[in-house]
Amino acid sequence: MIKIRELTELNNKFYRFSGWSGADGIYSFKVADKVLLYFSDTFIGDSSKNGIRKDFKLINNSLAVIKNDTIDFYYNKNPISSSFVASNNSYYWLEDGIVEGDKLTIFALKMKNDVLSSLPFEIEGIDIIRTSTTFKDSIEYTIQETNLYSNNIVWGISLIKENDYYYVFGYKNIYNNKCLVLSRTKDFISYEYLNEKGIFSSNIDSLLILKDHFEAESKIVKKGNFYYIAYTKDSISSEIFLIRTDSLLKPFTKEIKIYTCPEHQGNIITYNAKIQDALSSRDNFVISYNVNTLVNDEHQYLSIYRPRFIEISIKEIDHEFEKDF
């Protein structure tokens, strides 16, 4: 039987009374003796000690660093604004990235309308952000525009490098069903796509569906001979599942349910679970999930709109997968 431990101490690090007070989306990266994190839509403002946001400004992304058991948050403070700013009144929603040396490369969805608009989450394109692994309030970065967004496919939700290739995962929306698909590139310019024959081709048609009813953000982690993926079915659900596979090039057919998020009830939703390898240890995975509400007025509560963390034993996961399915 798999045991889950709720990481109360880590959860509480994100319960803040001034400045950064919550965010959506979370990716983390281990760099030397620190962990870098970035978030998408972020609340900035002051809150009361009884857990009520007294005022808050919404920015579209922010940064953080965990070092020596403390966490510091970064965003442009004069005036308060996002760390990464898109052109033409658009904004960036940050997907997965990769650290190489002292450089961080991030896939970023270029969005038209923010969460408070009548038509939120319209994707305009996909850009690639490159920046330093030295996070600070005002951060320098470059933007590479791409033509990746086409055929209703969102690329960059997860990323892993093996040998000469970066394997870039995406999802294809088929009647609101997020179907996981795969591409690869050596230079973030030219891409090949995994097709139904299990072959990479420059033709984006007939993509192999690795997993259906997937989510909008994810993380692929390799340990030994296996790849591990945590996800929330259909993005928004109380149920977190975990996939283990020995190949990225065939459908992911084996999964186990590992957790039911207690927050998911009434107006409150939980979504986009992912393994945070940078926060994990040799023996345990740390998995995050997001908590939000369907009612805008409820964003006044500090319990809403920040990540939660749980821990699970890799040995127990492997034992479960070794049983007959």
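Biologist: Is Glu162 buried, partly exposed or exposed?
Modeller: Keep in mind that this is a predicted model. In it, Glu162 has a relative accessibility of 19%. The cut-off for that class is under 20%, so Glu162 counts as buried.

Biologist: How many residues apart are Lys222 and Glu162?
Modeller: These two form a salt bridge, with 3.2 Å between the closest N and O atoms. Lys222 sits in strand E20 (residues 221-223), while Glu162 belongs to strand E15 (residues 153-162). The pair therefore links distant parts of the chain, and Glu162, for its part, counts as buried. Along the sequence, the separation comes to 60 residues.

Biologist: And is Lys222 buried, partly exposed or exposed?
Modeller: The middle class covers anything between 20% and 50%. Lys222 has a relative accessibility of 39%, so Lys222 is partly exposed.

Biologist: Where does Asp277 lie?
Modeller: Start from Lys223, which forms a salt bridge with Asp277, the closest N and O atoms being 3.6 Å apart. Lys223 is in strand E20, and its partner is 54 residues away along the chain. Asp277 is in the loop between strand E24 (268-275) and strand E25 (284-293).

Biologist: What is the relative accessible area of Asp277?
Modeller: Take the partner first: Lys223 is partly exposed at 25%. Asp277 is partly exposed too, and its relative accessible area is 32%.

Biologist: Which residues are joined into one network by salt bridges?
Modeller: What makes a network here is salt bridges that share partners. The residues joined up in this way are Lys211, Lys233 and Glu255.

Biologist: How many residues apart are the parts that Asp69 and Lys13 tie together?
Modeller: The structure holds 18 salt bridges, and one of them is between Asp69 and Lys13, with the closest N and O atoms 3.4 Å apart. Asp69 lies in the loop between strand E7 (62-67) and strand E8 (70-74), whereas Lys13 is in helix H1 (residues 8-13). So the pair ties together parts whose distance in sequence is 56 residues.

Biologist: Which side chain of opposite charge is nearest to Lys178?
Modeller: Lys178 lies in strand E17 (residues 177-185). Beyond its neighbours within four places in sequence, its contacts include Tyr171, Lys211, Phe214 and Ser235. Lys178 is buried but has no salt bridge. At 7.5 Å, the nearest side chain of opposite charge is Asp234.

Biologist: Which residue in E14 is the bridge partner of Ile129?
Modeller: There's an open sheet of 4 strands in the order E11-E12-E13-E14, with antiparallel pairing. Its edge strands are E11 (91-100) and E14 (141-145), each pairing on one side only. Strand E13 (residues 123-132) and E14 pair over 5 bridges. Across that pairing, the partner of Ile129 is Ile143.

Biologist: Which strands stand at the edges of the sheet with a single partner strand each?
Modeller: Now we're in an open sheet of 3 strands, ordered E2-E5-E6 with antiparallel pairing. A single partner leaves one side of a strand without a neighbour in the sheet, so the edges here are strand E2 (20-23) and strand E6 (57-59).

Biologist: Which residue in E5 does Ala23 stand opposite?
Modeller: E2 and strand E5 (residues 42-44) run antiparallel and are joined by 3 bridges. Opposite Ala23 in E5 stands Thr42.

Biologist: How far apart are the C-alpha atoms of Ile204 and Ile258?
Modeller: Ile204 is in the loop between strand E19 (200-201) and E20, and with a relative accessible area of 17% it is buried. Leaving aside neighbours within four places in sequence, it is in contact with residues including Ile153, Trp155 and Tyr193. Ile204 and Ile258 are 54 residues apart along the chain, and their C-alpha atoms are separated by 34 Å.

Biologist: Stepping back, what radius of gyration does the protein have?
Modeller: The protein comes to 2 helices and 26 strands, and 56% of its residues are buried. Its C-alpha trace spans about 55 × 50 × 40 Å along the principal axes. For 325 residues, a compact globule would be near 20 Å, which agrees with the protein's radius of gyration of 19 Å.

Definitions and conventions
Residues numbered from 1 in each chain as written. Predicted model: local features only at pLDDT ≥ 70, side-chain atom pairs only at ≥ 80, totals over all residues. Heavy atoms only, no water. Pairing = 2+ DSSP bridges. Buried < 20%, exposed > 50% of the residue type's maximum accessible area, 1.4 Å probe, protein only. Lys, Arg positive; Asp, Glu negative; His and termini not counted. Salt bridge = Lys/Arg side-chain N within 4 Å of Asp/Glu carboxyl O. Contact = heavy atoms within 4.5 Å. Rg over C-alpha atoms; globule rule 2.2 N^0.38 Å.
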